Amino acid sequence: MCFSQNHNSKNYSIQEKESNLLFQHTNKLFAQVIIPLNLSINYTWAIPNHWADKAQIGQRVEVQLKNKKYAGIIKNISSTKPEKFEPKEILNLIDELPILHNKQLQLWEWISNYYMCTEGEVMQAAIPANLKLNSETIVIWNEESEYDINDGTLFTDNEFIVAEALELKKELKMSEVQQLLNSPNVYPTIKKLLDKRICFVWEELQEKYKPKYENFIHLNPKYDNEESLSNLLNNFGKAPKQMELLLSYLHLIKTEGEVNQAELLKKSNASIAQLKSLVEKEILQVEKRRTDRIKQTLISNTIDFTLTPAQAASLNEIEQVFINENVCLLHGITSSGKTQIYIKLIEKYLINTNQILYLLPEIALTTQIIRKLQNYFGGSIAIYHSKFNSNERVEIWNKVNSG
């Protein structure tokens, strides 16, 4: 009985496994992928079973088309297999999380239909260059990298091999990277090196974002108490310039809360050499810190005006229209107070944690409107226009992307 029972149990286990495999096979998933090419339709690839629970819409994947490899973006996921061909499998998942939201993909589709172009062309224009890898990509060594590639704790074996080769040759084709690693699936390794800013891609090196770093000055902690600081000031002797520099530091730290090196040298009319002397004497310390090119003001929300009866009536009509419609046209002559109505509407949506896109037809108008909006909303305002350089644009992109 025992033997028979175990035998039946074993048979049941085998059948169950076969059933599960059959279930997985018949329920295979397929992804419609946008790649940065002028293609009339988006092609479909099969999602390997081991990635079925990880693949997401908006995620970058590595796919192959006519012997070339591309970083495409999943637009749709379906269990319906194409009828007329056998889809090839996706080679790799490049990202753990999507880089695009579903709303953005819907916008791409609308742009494609409205402007009679392909979604691949929209992708080519819409996302940064280092997200559009293909098998002809040239990877370029970053001379300003902050990382020590000999530090084994910072890199995997594959990352180290590629980084070392890049340091020697300065640039590599993607096909050369594949030969180095003896593997066709090199995109995840390249992505990690891009994230660490070990390298750049393509000829767009001059367009790549470079973080801005500034030096900030600190007083050596041993002079934090009044007695030691007083003794220090009394013992400067024949170094009046260094004395003036130190006094300027003490003034700035009290009034500003932190001391930027450039501001300190300007205020004290001192030179780098004089500052370096105080650092060598271990009186001051220098900290290199990453800073924003676009300074963020404090977030505030103080609406200190009351609408006129005519403005209040217009605002009420707009809100009534928005109940049933998505669009409302407000017509008013110059200086009739349209901006005040917009500000009240913005306030309402900000309070409900929504976002607002305020478009202006002419860059010359921005200064006046920005000043007015910042008076009421402070650091809740992010500004974008064509006169920002490429580094500033990336910083705005990152701020919006991170909420």
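**Exercise 1. The open sheet**

Work out the strand order of the open sheet of 3 strands in this predicted model, and find which strands are its edge strands.

*Solution.*
Step 1: Begin with the order, which reads 10-9-11, with antiparallel pairing.
Step 2: Look for strands that pair on one side only; these are strand 10 (259–260) and strand 11 (284–291), the edge strands.
Step 3: Now check how strand 9 (residues 212–219) is joined to strand 11: the two run antiparallel and share 8 bridges.
Step 4: For a bridge you can inspect yourself, pick tyrosine 213, whose partner in strand 11 is arginine 290.
Step 5: Finally, add the helix that packs on this sheet. Helix 8 (residues 240–256) touches strand 9, strand 10 and strand 11, and its direction makes about 105° with that of strand 9.

**Exercise 2. The surroundings of aspartate 95**

Locate aspartate 95, decide whether it is buried or exposed, and list its contacts beyond four places in sequence.

*Solution.*
Step 1: Find the residue in the loop that links strand 5 (92–93) with helix 2 (102–114).
Step 2: Compare accessibility with the cut-off: aspartate 95 has 8% relative accessibility, and buried means under 20%, so aspartate 95 counts as buried.
Step 3: Set aside the neighbours within four places in sequence; the contacts of aspartate 95 are then Gln59, Arg60 and Lys191.
Step 4: Take glutamine 59 from that list. It lies 36 residues away from aspartate 95 along the chain, yet their C-alpha atoms are separated by 6.3 Å.
Step 5: Turn to arginine 60, where a polar contact of 2.8 Å connects its side chain with the side chain of aspartate 95.

How values were computed:
Residues are numbered from 1 along each chain as its sequence is written. This is a predicted model: local features need pLDDT of at least 70, side-chain atom pairs count only at pLDDT 80 or more; totals for chains, interfaces and linings use all residues. Side-chain values use heavy atoms; hydrogens and water are left out. Helices (H or I, at least four residues) and strands (E, at least two) are DSSP runs, numbered from the N terminus. Buried means under 20% relative accessible area, exposed over 50%, partly exposed in between (1.4 Å probe, protein chains only). Contact means heavy atoms within 4.5 Å. A polar contact is a pair of N or O atoms within 3.5 Å; within protein, one must be able to donate a hydrogen and the other to accept it, and residues adjacent in sequence count only if both atoms are side-chain atoms. Two strands pair if DSSP finds at least two bridges between them. Axes are lines fitted to C-alpha atoms, for helices over the stretch in contact, and angles run from 0 to 180 degrees between N-to-C directions.
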